[in-house]
Amino acid sequence: MNRLNLITLGTKDIVKSHQFYKELGFDTSIRGTESNPAIIFFRNEGTRIALYPLKELAKDVNHDSPPATSNGFSGITLAYNAKSKEEVDVVIKKAESAGATIQKEPKKTDWGGYGGYFTDPDGYYWEVAFGEDWEFDESNMLIIE
């Protein structure tokens, strides 16, 4: 088991979250209707993302005793690896105009890169970062050796 195929984000308002991610430029596929989607899949490069109602996701984990769905930092962040400092700034501004809350303005990082953080409408933390020595494969995935 050495791959991750899908990250599913539980959403409080799947329609609002879908609109947010569409404004960021994600291409999506809806199961159900646009006004009442059952699940939304992203047709993005690399690992796939899905949006699913939070309460339904908790029930999917354990129908009889679903995990708590309260807000708070879960210890998980999602990352977008940019190819330049300028791209970091563009993505952070685009996220903000789509309704994100900027948690950390882009700046030089402790590890020598450049990046910042925002949260989406459901409070998921996204890091947008650039590293001078980063290389990407043909699928735009960061090469980690």
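**Notebook: a predicted model, looked up piece by piece**

I started at Asp64, which sits in the loop between H2 and E5. I am working from a predicted model. Is Asp64 buried or exposed? Asp64 is exposed, at 75% relative accessible area. I then took a distance from Asp64 to Asn81, C-alpha to C-alpha, and got 39 Å. The two residues are 17 apart along the chain.

**Entry: overall layout**

I listed the secondary structure next. The protein has three helices and eight strands. Along the sequence I read the pattern as β-α-β-β-β-α-β-α-β-β-β.

I checked the overall dimensions. The C-alpha atoms fill a box of roughly 45 × 35 × 30 Å along the principal axes. What does the radius of gyration say? For 145 residues, a compact globule would come out near 15 Å; the protein has 16 Å, which agrees.

I looked up burial and surface. Of the 145 residues, 32% count as buried. About 9400 Å² is exposed, and carbon and sulfur atoms supply 48% of that area.

I also looked at contacts over sequence distance. Among contacts with a separation of 6 or more, 50% come from residues 24 or more positions apart.

**Entry: charges and salt bridges**

I tallied the charges: 16 positive and 23 negative. Their mean positions are 4 Å apart. Side chains of opposite charge can pair when their charged atoms come close. How many salt bridges are there? The count comes to three. I took them in turn.

Pair one is Lys22 with Glu34, at 3.2 Å from N to O. Lys22 is in helix H1 (residues 14-24), while Glu34 is in the loop between strand E2 (28-32) and strand E3 (37-42), so this bridge ties together parts that are 12 residues apart in sequence. Lys22 is partly exposed, at 32% relative accessible area. Glu34 is also partly exposed, at 48%.

Pair two is Arg43 with Asp27, at 2.9 Å from N to O. Arg43 belongs to the loop between E3 and strand E4 (48-53), and Asp27 to the loop between H1 and E2, so the bridge ties together parts 16 residues apart in sequence. I checked accessibility for both. Arg43 is partly exposed, at 48%. Asp27 is partly exposed, at 40%.

Pair three is Glu56 with Lys59, with the closest N and O atoms 3.2 Å apart. Where do these two residues lie? Both are in helix H2 (residues 54-61), three residues apart, which is about one turn of the helix. Glu56 is partly exposed, with a relative accessible area of 34%. Lys59 is partly exposed, at 34% as well.

**Entry: His18**

I went back to helix H1 for His18. Is His18 buried or exposed? His18 is buried, because its relative accessibility is 4% and the cut-off for buried is under 20%. Which residues touch His18, once neighbours within four places in sequence are set aside? I found Thr28, Ile30, Glu34, Ile40 and Leu51. Glu34 has come up already, as the salt-bridge partner of Lys22. I also took the distance from His18 to Leu6. They are 12 residues apart in sequence and 17 Å apart in space, C-alpha to C-alpha.

**Entry: Ala79**

I moved on to strand E5 (residues 77-81), which holds Ala79. Ala79 is partly exposed, at 45% relative accessible area. Leaving aside neighbours within four places in sequence, I found Ala79 in contact with Trp126 and Glu127. Strand E8 spans residues 125-130. I then took the separation between Ala79 and Ile30. Their C-alpha atoms are 23 Å apart, and the residues are 49 apart along the chain. Ile30 is one of the contacts of His18.

**Entry: Asn140**

Last, I looked at a backbone angle. Most residues other than glycine have a negative phi. What is the phi of Asn140? Asn140 has a positive phi of about 65°, although it is not a glycine. Where is Asn140 found? I placed Asn140 in the segment after strand E8. Asn140 counts as partly exposed, at 32% relative accessibility.

Notes:
Residues are numbered from 1 along each chain as its sequence is written. This is a predicted model: local features need pLDDT of at least 70, side-chain atom pairs count only at pLDDT 80 or more; totals for chains, interfaces and linings use all residues. Side-chain values use heavy atoms; hydrogens and water are left out. Helices (H or I, at least four residues) and strands (E, at least two) are DSSP runs, numbered from the N terminus. The radius of gyration is taken over C-alpha atoms; the globule rule is 2.2 Å times the number of residues to the power 0.38. Buried means under 20% relative accessible area, exposed over 50%, partly exposed in between (1.4 Å probe, protein chains only). Contact means heavy atoms within 4.5 Å. Accessible areas come from the Shrake-Rupley method with a 1.4 Å probe; for residues, only the protein chains shown count as cover. Lys and Arg count as positive and Asp and Glu as negative; His and the chain ends are not counted. The place of a charge is taken as NZ of Lys, CZ of Arg, CG of Asp or CD of Glu. A salt bridge is a side-chain nitrogen of Lys or Arg within 4 Å of a carboxyl oxygen of Asp or Glu.
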